[in-house]
Amino acid sequence: NRIGFISLDHSDQYKYSGQDAELVHDFANQAVIAIENNRLFDELRRKTNEIEVVYESALVLTQELQPDTFYDHLYDQVDKLFNPDAYILATYNQNSEMINIEYATEAGVRQPQAEGSSLALREKNSLLGWIVRNKTPLLIGNAETDSLPVRTQQTGKTIRSFLGVPLLV
């Protein structure tokens with residue numbers, strides 16, 4: 001795989017020779033190895049961090065019985081990994097067929113006006129409803145260009161990227 005190049009510039013004519021080209025080529029080969037090792041190390045560090053966060057979350061979450069403390073901790077862990085602009089934790093009540101917003105943040109600030117609100121599962125233009133009905137994750141890379149499974153009406157801050165994952169027991 002090509003990952004880049006090395007460029008040498010100089011104001012003098014014929015500053016570099018064929019021997020210089022061979023030397024820079026050898027140097028580039030060594031640089032490629034170092035760059036790839038750094039990339040692999042960064043990837044390993046990122047994966048290790050993710051595993052640590054998931055492990056810490058599992059320990060704390062299995063011990064926490066107070067919903068508000070539990071929701072705070074869950075958000076903190078998601079924020080560490082993904083740093084979302086907005087976050088919603090919702091539950092589904094099968095008896096009433098309502099999706100209930102339990103916890104919401106925007107720009108890292110809790111949104112109590114959103115918490116406690118509900119949405120009917122039968123609402124066809126809801127990404128949350130789509131996730132609950134289909135019991136499958138929904139990833140939207142760019143809401144402006146990607147094909148969406150439902151027609152949503154955005155209010156407030158424009159959201160372009162979306163990831164919703166169902167909570168299944």
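**Exercise 1. The aromatic pairs**

Determine how many aromatic pairs the structure has, and work out what two of them that share tyrosine 103 connect.

*Solution.* In this predicted model, the count of aromatic pairs comes to five. Take the pair of tyrosine 75 and tyrosine 103, whose ring centres are 6.0 Å apart with 35° between the planes, an arrangement that is classed as tilted. The next step is to locate the partners: tyrosine 75 belongs to helix H2 (residues 67–82) and tyrosine 103 to strand S2 (residues 98–106), so this pair ties together parts of the chain that are 28 residues apart in sequence. Then consider accessibility, for which the cut-off is that a residue under 20% relative accessible area is buried. Tyrosine 75, at 6%, is buried, and tyrosine 103, at 2%, is buried as well.

Tyrosine 103 also pairs with tyrosine 87, and here the geometry is edge-to-face, with 6.0 Å from centre to centre and 75° between the planes. This pair links distant parts of the chain, since tyrosine 87 lies in strand S1 (residues 86–93) and tyrosine 103 in strand S2, 16 residues apart. Tyrosine 87 is buried too, because its relative accessibility is 10%. As a last step, place these residues in their wider setting: Tyr75, Tyr87 and Tyr103 belong to one aromatic cluster that also includes Phe70 and Tyr71.

**Exercise 2. The overall form**

List the order of the secondary-structure elements from the N terminus on, and decide whether the protein is a compact globule or more spread out.

*Solution.* Begin with the inventory, which comes to three helices and six strands. From the N terminus on, these elements run α-α-β-β-β-β-α-β-β. Next, compare the radius of gyration with the globule rule: the value for the protein is 25 Å, whereas the rule gives 15 Å for 169 residues, so the protein is more spread out than a compact globule. The box filled by the C-alpha atoms, taken along the principal axes, is roughly 80 × 40 × 30 Å.

Further values complete the picture. Buried residues make up 18% of the 169 residues, and the accessible surface comes to about 13,200 Å², of which 53% belongs to carbon and sulfur atoms. Among contacts with a separation of 6 or more, 31% are between residues 24 or more positions apart.

**Exercise 3. A nonpolar patch on the surface**

Identify the residues of the nonpolar surface patch and place phenylalanine 27 within the secondary structure.

*Solution.* The patch is formed by Ile6, Leu8, Tyr16 and Phe27, which together have about 400 Å² of accessible area. Phenylalanine 27 is found in helix H1 (residues 18–63), and this residue counts as exposed because its relative accessibility is 55%, the cut-off for exposed being over 50%.

**Exercise 4. Positive phi values**

Examine glutamate 97 and lysine 135, and state where each residue with its positive phi is located.

*Solution.* The background is that most residues other than glycine have a negative phi. Glutamate 97, although it is not a glycine, has a positive phi of about 55°; this glutamate sits in the loop between S1 and S2 and, at 42% relative accessibility, counts as partly exposed. Lysine 135 likewise has a positive phi, near 55°, and is located in the loop between helix H3 (127–134) and strand S5 (138–140). With a relative accessible area of 57%, lysine 135 is exposed.

Terms used: Residues numbered from 1 in each chain as written. Predicted model: local features only at pLDDT ≥ 70, side-chain atom pairs only at ≥ 80, totals over all residues. Heavy atoms only, no water. Patch = residues over 30% accessible without salt bridge, like charges linked within 9 Å, V, L, I, M, F, W, Y side chains within 5 Å. Areas by Shrake-Rupley, 256 points an atom, 1.4 Å probe, with all protein chains shown as cover. Salt bridge = Lys/Arg side-chain N within 4 Å of Asp/Glu carboxyl O. Helix = DSSP H or I, 4+ residues; strand = E, 2+ residues; numbered from the N terminus. Buried < 20%, exposed > 50% of the residue type's maximum accessible area, 1.4 Å probe, protein only. Phe/Tyr/Trp six-rings, centres within 6.5 Å; stacked < 30°, edge-to-face > 60°. Rg over C-alpha atoms; globule rule 2.2 N^0.38 Å. Contact = heavy atoms within 4.5 Å.
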